[in-house]
Amino acid sequence: MADLDIVTVRTPTAVCYLVRGEAPYLVDTNTPKAGKKVMGAITGSGLRPGDIRYILITHYHYDHTGNLAQLKKAGGARVAAGERDAEVIAGRKPPAGPGDISPAGRLLRKLPASLLERYQHFDPCEVDLALRDGDVLEELGLEVLELPGHTEGGVAYYHEEKKLAFIGDMVSNILNRLGPPFLSFSYDKEAILGSMRRLAELDLEYAYPGHGVVIGPGAAEKIGRLADKLASRWGAA
Ligand SMILES: [Zn+2]
């Protein structure tokens, strides 16, 4: 079977993906400022917004949900996200804001909430499919994996047959260097290590991150090595 036909939409801040085929879908939607670029990837592929069947969100941060409401409105795609992030995406629960597991996060927590809100703002959008671990999006051949630690309801979308996954921020690959999610906006190092180890146990050749470039081949092994390295750096098991 052929590989997935994936178009990468990259900005300096984040990466999102358009997967073409019989049931086209987006994984994340980049920052609010990237609206034209995301739309350009869709129309440049000969698609209309209405052709996008699903928008899969890895987690609620603004650099992943920045164009979600607009794209949903333009085309009516079904929006999917982890159950525990869905209420934030819908605007009924405030985002957690900076976490206290890093010095930078602790510093950011002292800033006025209004300033952070303005920076992190995205237009809220109802989630049609609130996903839990093990859920399957059959039409797309994807399985849902809950990956807590960065946001509570962060998820990856795993295509077992193709040995690839869209992993959101759980592992980044910036300048060819694997790294953890942005710790200032994460809440639990142990949970991050657990989530990474979960990815490392998959039959996974290629991991598509929300920041940086594709990880792989051998993504599972590379992520496992990162988890080991971080565990000793963070002093955890
Ligand atoms: Zn994030």
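In this predicted model, strands β1 (residues 5-10) and β2 (residues 15-20) pair in the antiparallel sense. Six bridges hold the register between β1 and β2. Valine 7 has leucine 18 of β2 as its bridge partner. Four residues separate the two strands, and together β1 and β2 form a hairpin.

The hairpin belongs to an open sheet of six strands. The strand order is β1-β2-β3-β4-β5-β6, and the pairing is mixed. At the edges lie β1 and β6 (129-131), each of which pairs on one side only. From one strand to the next, the twist averages 20°. Strands of a sheet pair through backbone hydrogen bonds, in either the parallel or the antiparallel sense. Both senses occur here: β1 and β2 are antiparallel, whereas strand β4 (residues 54-56) and strand β5 (residues 78-82) run parallel. Three bridges join β4 to β5. Isoleucine 55 stands opposite valine 79 in β5. Helix α1 (residues 35-44) packs on this sheet. Helix α1 touches β1 and β2, and its direction makes about 155° with that of β1.

A further open sheet is built from five strands. Its order is β7-β8-β9-β10-β13, again with mixed pairing. The edge strands are β7 (136-137) and β13 (206-209), and each pairs on one side only. Within this sheet, strand β9 (residues 155-159) runs antiparallel to strand β10 (residues 164-168). Three bridges join β9 to β10. Histidine 159 is matched with leucine 164, its bridge partner in β10.

Two backbone features fall in loops. The first concerns lysine 163, in the loop between β9 and β10. Lysine 163 has a phi near 55°, a positive value in a residue other than glycine. The second is a cis peptide bond between glycine 216 and proline 217, with omega about 5°. Proline 217 sits in the loop between β13 and α8. Most residues other than glycine have a negative phi, and most peptide bonds are trans.

Beyond that loop, helix α8 (residues 219-234) packs with helix α7 (residues 189-200). The angle between α7 and α8 is about 155°, and their axes lie 8 Å apart. Angles over 145 degrees count as roughly antiparallel, so α7 is roughly antiparallel to α8. The crossing of α7 past α8 is left-handed. On the α7 side, the contact comprises Lys189, Leu193, Met196, Arg197, Leu199 and Ala200. These meet Ala220, Ile223, Gly224, Leu226, Ala227, Leu230, Ala231 and Trp234 in α8. Eleven of the contact residues are nonpolar, one is polar and two are charged. Lys189 and Arg197 of α7 are the charged pair, and Gly224 of α8 counts as polar.

Over its whole length, the chain has eight helices and 13 strands. Its radius of gyration is 17 Å. The globule rule gives 18 Å for 237 residues, and the value for the chain is close to that, so the chain is as compact as a globular protein of that length. Taken along the principal axes, the C-alpha atoms fill a box of roughly 50 × 45 × 30 Å.

How values were computed:
Residues numbered from 1 in each chain as written. Predicted model: local features only at pLDDT ≥ 70, side-chain atom pairs only at ≥ 80, totals over all residues. Axes fitted to C-alpha atoms, helices over the stretch in contact; angles between N-to-C directions. Parallel < 35°, antiparallel > 145°, perpendicular 65-115°, else oblique. Left-handed = near helix turned anticlockwise from the far one by under 90°. Contact = placed C-beta atoms within 7 Å. Pairing = 2+ DSSP bridges. Rg over C-alpha atoms; globule rule 2.2 N^0.38 Å.
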